[in-house]
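Here is a short briefing on one structure. Please look over the sequence and the 3D view first, then work through the points below.

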Amino acid sequence: MPMKIDSVIARQRVDDLDAAIPFYERLTGRTADRFAFAAVQLASVGPFLLFSGPDEAVQRVAGVSATLTVADLAEAVDEAVAAGATVVMPAQPTPNGHRAVLRHPHGGVYEYVGP
């Protein structure tokens with residue numbers, strides 16, 4: 001059976017994370033979950049991933065179109081590669097699970113996140 005994408009998380013760079021969070025909390029009715037990755041400050045608020053930091057640091061985060069959550073990361077990567085995607089970054093642990101970054105055959109770059 002083909003993989004299933006459980007959800008899509010929109011990514012948004014913001015100049016001031018503290019100033020942006022209240023808007024997204026009100027919009028979604030959810031409380032932000034803040035964390036850091038490298039030199040980037042991030043906040044997960046419902047279907048949004050907000051991030052802020054120095055230009056050099058955020059390039060790694062900003063180059064990805066969206067985050068796709070999946071139940072089985074290895075299976076998702078294998079199926080995407082079999083369908084024509086290429087691995088930009090192999091699976092590795094992160095603060096919110098494991099992630100891999102893939103370039104889809106039509107040019108989009110996506111982060112796949114799973115347990």
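Asp55 and Glu56 of helix 2 are exposed. They lie on the other side of this helix from its buried residues. Keep in mind that the model is predicted.

**Helix 2: two sides**

- Helix 2 covers residues 55-62.
- Its buried residues include Ala57, Val58 and Val61.
- Viewed down the helix axis, the buried residues fall within an arc of 85 degrees, so they line one face of helix 2.
- What do the buried residues of helix 2 pack against? Their partners are strand 1 (5-13), strand 3 (40-45) and strand 4 (48-52).

**Threonine 67 and its surroundings**

- Threonine 67 sits in strand 5, which spans residues 66-70.
- Is threonine 67 buried or exposed? Its relative accessible area is 3%. The cut-off for buried is under 20%, so threonine 67 counts as buried.
- Beyond its neighbours within four places in sequence, threonine 67 is in contact with Ser7, Val8, Ile9, Arg11, Leu49, Glu111 and Val113.
- Glutamate 111 appears again as a side-chain partner: a polar contact of 2.6 Å joins the side chains of threonine 67 and glutamate 111.
- Glutamate 111 belongs to strand 8, where it stands opposite threonine 67.

**Strand 8 and its partners**

- Strand 8 runs over residues 109-114.
- This strand is mostly covered, with 5 of its 6 residues buried.
- Strand 5 and strand 8 run parallel, joined by 4 bridges.
- Strand 7 (residues 97-103) pairs with strand 8 in the antiparallel sense, over 6 bridges.
- Which residue in strand 8 is the bridge partner of leucine 102? That partner is tyrosine 110.
- Strand 7 and strand 8 form a hairpin with 5 residues between the strands.
- In this hairpin, glycine 107 takes a positive phi near 110 degrees.

**Aromatic residues**

- How many aromatic pairs does a search of the whole structure find? The search finds 2.
- Phenylalanine 23 and tyrosine 24 form an aromatic pair with an edge-to-face arrangement. The centre-to-centre distance is 5.0 Å, and the angle between the planes is 90 degrees.
- Tyrosine 24 has 14% relative accessibility, so tyrosine 24 counts as buried.
- Phe23 and Tyr24 join Phe48 in one aromatic cluster.

Definitions and conventions:
Residues numbered from 1 in each chain as written. Predicted model: local features only at pLDDT ≥ 70, side-chain atom pairs only at ≥ 80, totals over all residues. Heavy atoms only, no water. Buried < 20%, exposed > 50% of the residue type's maximum accessible area, 1.4 Å probe, protein only. Polar contact = N/O pair within 3.5 Å; in protein donor to acceptor, adjacent residues only side chain to side chain. Contact = heavy atoms within 4.5 Å. Pairing = 2+ DSSP bridges. Arc of directions from axis to C-beta. Phe/Tyr/Trp six-rings, centres within 6.5 Å; stacked < 30°, edge-to-face > 60°.
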